[in-house]
Amino acid sequence: GVISGHIVVSNFAAGTANTEFDILTGMHTNMLSNKTTSAFRTVHKNILALPRIYERAGYVSSFMHPGHSWFYNRNSVYKYFGINDQVFDDAFDSSDFKGPWISDEAFLDELIFGFEERTAENSNPIFSYSVTIQNHQAYTYKKYGFEPPEAPLKVSLSDSSKETVAVYMEGVRDSSNMLLSLTEYLDTLYEPVLLVFFGDHRPNLGNAYKELG
């Protein structure tokens with residue numbers, strides 16, 4: 001079965017880790033300070049986050065993000081959350097990029113490889129948490145080195161907004177294809193799997209928001 005809905009995040013165009021903090025701890029970044037902050041900067045000791053709770057229930061946990069381990073101090077923070085098994089950009093090579101970032105396709109290959117490796121090593125249930133990166137800004141034609149097809153819209157946009165939306169939608173298509181492939185893979189497994197997918201922040205589409213209405 002499928003359940004869908006709306007998630008309200010406290011970030012616009014940045015702050016990915018704040019959503020990670022909110023989801024995994026049950027606490028809210030916007031309650032920590034009335035100023036712009038990174039919630040991960042406040043984590044300096046072990047926290048009873050979801051991975052640690054699952055660990056007490058017999059789960060093994062892993063985290064993957066095809067970005068730098070030092071960014072947002074993720075390497076340390078996820079250990080405080082209860083995850084020592086972590087995969088970052090050094091698990092990928094130059095063929096895994098689409099533009100400046102690791103592609104969702106390469107992300108999926110590594111995700112499935114790691115999942116199969118971990119399930120082969122033990123019979124414990126697994127809590128796997130991952131953050132993709134391909135559809136990160138900036139949304140210019142330079143990102144991919146080609147011009148993606150224009151998005152089908154009912155309103156006319158300026159050339160710059162057409163560019164922004166087209167490049168963003170290229171990433172959305174790749175994310176959608178990745179999710180389809182992931183669900184098809186999970187459907188082949190005997191053991192039950194609960195897949196949760198959500199966006200970490202709204203994209204910076206500049207003037208396109210106003211032009212789209």
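Here is a quick look at the nonpolar cores, a surface patch and two partly exposed residues in this structure. Keep in mind that the model is predicted.

Let's start inside. The largest nonpolar core has 17 residues, and those with the most contacts inside it are Phe 40, Phe 63, Tyr 78, Phe 81 and Tyr 129. Three elements give two or more residues to this core: helix 1 (16-25), helix 3 (74-81) and strand 5.

Tyr 78 is a handy place to zoom in. Setting aside neighbours within four places in sequence, Tyr 78 touches Glu 20, Leu 24, Phe 40, Phe 63, Ile 83, Gln 86 and Tyr 129. Apart from the largest core lies another one, made of 14 residues, including Ile 102, Phe 107, Leu 108 and Leu 186. As a general point, nonpolar side chains in soluble globular proteins tend to be buried together.

Now for the outside. Leu 153, Val 155 and Leu 212 make up a nonpolar patch on the surface, and together they have about 220 Å² of accessible area.

Here are two partly exposed residues, with where to find them:

| Residue | Place | Relative accessible area |
|---|---|---|
| Leu 153 | loop between strand 5 (126-130) and helix 5 (159-186) | 39% |
| Ile 53 | helix 2 (residues 50-56) | 40% |

Why does Leu 153 count as partly exposed? Because its relative accessibility is 39%, and partly exposed covers the range between 20% and 50%. Ile 53, at 40%, is partly exposed too.

One last distance to try in the viewer: the C-alpha atoms of Ile 53 and Asp 174 are 33 Å apart, and the two residues are 121 residues apart along the chain.

Notes: Residues numbered from 1 in each chain as written. Predicted model: local features only at pLDDT ≥ 70, side-chain atom pairs only at ≥ 80, totals over all residues. Heavy atoms only, no water. Patch = residues over 30% accessible without salt bridge, like charges linked within 9 Å, V, L, I, M, F, W, Y side chains within 5 Å. Areas by Shrake-Rupley, 256 points an atom, 1.4 Å probe, with all protein chains shown as cover. Salt bridge = Lys/Arg side-chain N within 4 Å of Asp/Glu carboxyl O. Helix = DSSP H or I, 4+ residues; strand = E, 2+ residues; numbered from the N terminus. Buried < 20%, exposed > 50% of the residue type's maximum accessible area, 1.4 Å probe, protein only. Core = buried A, V, L, I, M, F, W, Y, C linked by side-chain atoms within 4.5 Å. Contact = heavy atoms within 4.5 Å.
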